[in-house]
Amino acid sequence: MIKSQKDFFSGLMFTLVGAAFAWGATSYNIGTGARMGPGYFPLLLGIFLAVLGGCITFYSLIEHTEDGEPVGAFAWKPVVFILGANIVFGILLAGLPRFGVPPMGLIAAIYALVIIAGKAGDTFSLKESLILATALSVGSYLAFIMLLKLQMPVWPAFITG
């Protein structure tokens, strides 16, 4: 009955995530179209996502594909590297005072994030990762420190004193 497994499961995922967002938005004040509350946009976005997922799921039941587009094996390597990169970013940015790890600052955290996340792909180039990390570091410094005046460590404590 399912003619495209990829479309079926992605549509099902969209439907479930959209329904969860819409349901979660009902705990906030929805308001009206003229006076929108904080739950208005998440409710509409959740409903739209659930309807889109329903359409994709329905389409997967009627559209015939050659091999049924089976769902492949779960890709653990990208998940581990991307989640690990974000965890390392948070630890380097803020430190872990409970374990005696000092904050290393925004620049070091961005470099670590880009290099670790770059390992998630099939090909990895240290040169390209360093160029990307440099561009992101400069952009982040300009946006968050210079323009928005956010107070966060930029450099490790042993450099700034």
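What follows is a walk through the helices of this predicted model and the way they pack.

Let's begin at the N-terminal end, with the pair α1 and α2. Helix α1 covers residues 5–25 and helix α2 covers residues 40–62. Two packed helices are described by the angle between their axes and the distance between the axes. For α1 and α2 the angle is about 160° and the axes are 7 Å apart. Angles over 145 degrees count as roughly antiparallel, and α1 and α2 are therefore roughly antiparallel to each other. Their crossing is left-handed. As for what sits in the contact of α1 with α2, the classes come out as 16 nonpolar, nine polar and one charged residues.

Now look at α2 on its own. This helix has 23 residues, and from its first C-alpha to its last it reaches 34 Å, close to the 33 Å expected at 1.5 Å a residue. Its buried residues are L43, G46, A50, G53, T57 and S60. An α-helix has 3.6 residues a turn, so residues three or four places apart point the same way. Read the numbering of L43, G46, A50, G53, T57 and S60 with that in mind. What covers those buried residues of α2 includes α1, the partner we've just met.

Further along the chain comes α4, residues 106–118. Helix α4 has 13 residues and reaches 18 Å from its first C-alpha to its last, close to the 18 Å expected at 1.5 Å a residue. Which residues of α4 are buried? They are L106, I107, A109, I110, A112 and V114. And what do they pack against? The buried residues of α4 lie against two helices, α3 (76–94) and α5 (126–147), and we can take these two partners in turn.

With α3, the packing angle of α4 is about 170° and the axes are 8 Å apart. That makes α3 roughly antiparallel to α4. On the α3 side the contact is made by F81, I82, G84, A85, N86, V88, F89, L92 and L93. On the α4 side you'll find L106, A108, A109, I110, A112, L113, I116 and A117. Sorted by class, this contact of α3 with α4 has 15 nonpolar, two polar and no charged residues.

With α5, the angle for α4 is about 140° and the axes are 9 Å apart. Here α4 passes α5 in a right-handed crossing. From α4, the residues involved are L106, I107, I110, Y111, V114 and I115. They meet L126, S129, L130, L132, A133, T134, L136, S137, S140, Y141 and I145 in α5. The contact of α4 with α5 divides into 13 nonpolar, four polar and no charged residues.

A few single residues are worth clicking on. Start with I116 in helix α4. Is I116 buried, partly exposed or exposed? With a relative accessible area of 24%, I116 is partly exposed, since buried means under 20%. Not counting residues up to four places away in sequence, I116 touches F81, G84, A85 and V88, and each of those is listed on the α3 side of the contact with α4. The C-alpha atoms of I116 and L61, by contrast, are separated by 39 Å, with their positions 55 residues apart along the chain.

Over in α3, there are two residues to try. L93 is found in this helix and, leaving out residues up to four places away in sequence, touches P103, G105, L106, A109, M152 and P153. Of these, L106 and A109 also appear on the α4 side of the contact with α3. L93 and I2 are 91 residues apart along the chain, and their C-alpha atoms are separated by 46 Å.

I91 lies in α3 too. At 28% relative accessibility, I91 counts as partly exposed. Leaving aside neighbours within four places in sequence, I91 is in contact with L96 and V101. I91 and S27 are 64 residues apart in sequence and 32 Å apart in space, C-alpha to C-alpha.

Last stop: K149, found in the loop between α5 and α6 (157–160). The phi of K149 is near 55°, a positive value in a residue other than glycine. K149 counts as exposed because its relative accessibility is 59%.

Methods:
Residues numbered from 1 in each chain as written. Predicted model: local features only at pLDDT ≥ 70, side-chain atom pairs only at ≥ 80, totals over all residues. Heavy atoms only, no water. Axes fitted to C-alpha atoms, helices over the stretch in contact; angles between N-to-C directions. Helix = DSSP H or I, 4+ residues; strand = E, 2+ residues; numbered from the N terminus. Parallel < 35°, antiparallel > 145°, perpendicular 65-115°, else oblique. Left-handed = near helix turned anticlockwise from the far one by under 90°. Nonpolar A, V, L, I, M, F, W, Y, C, P; charged D, E, K, R; others polar. Expected span 1.5 Å × (residues − 1). Buried < 20%, exposed > 50% of the residue type's maximum accessible area, 1.4 Å probe, protein only. Contact = heavy atoms within 4.5 Å.
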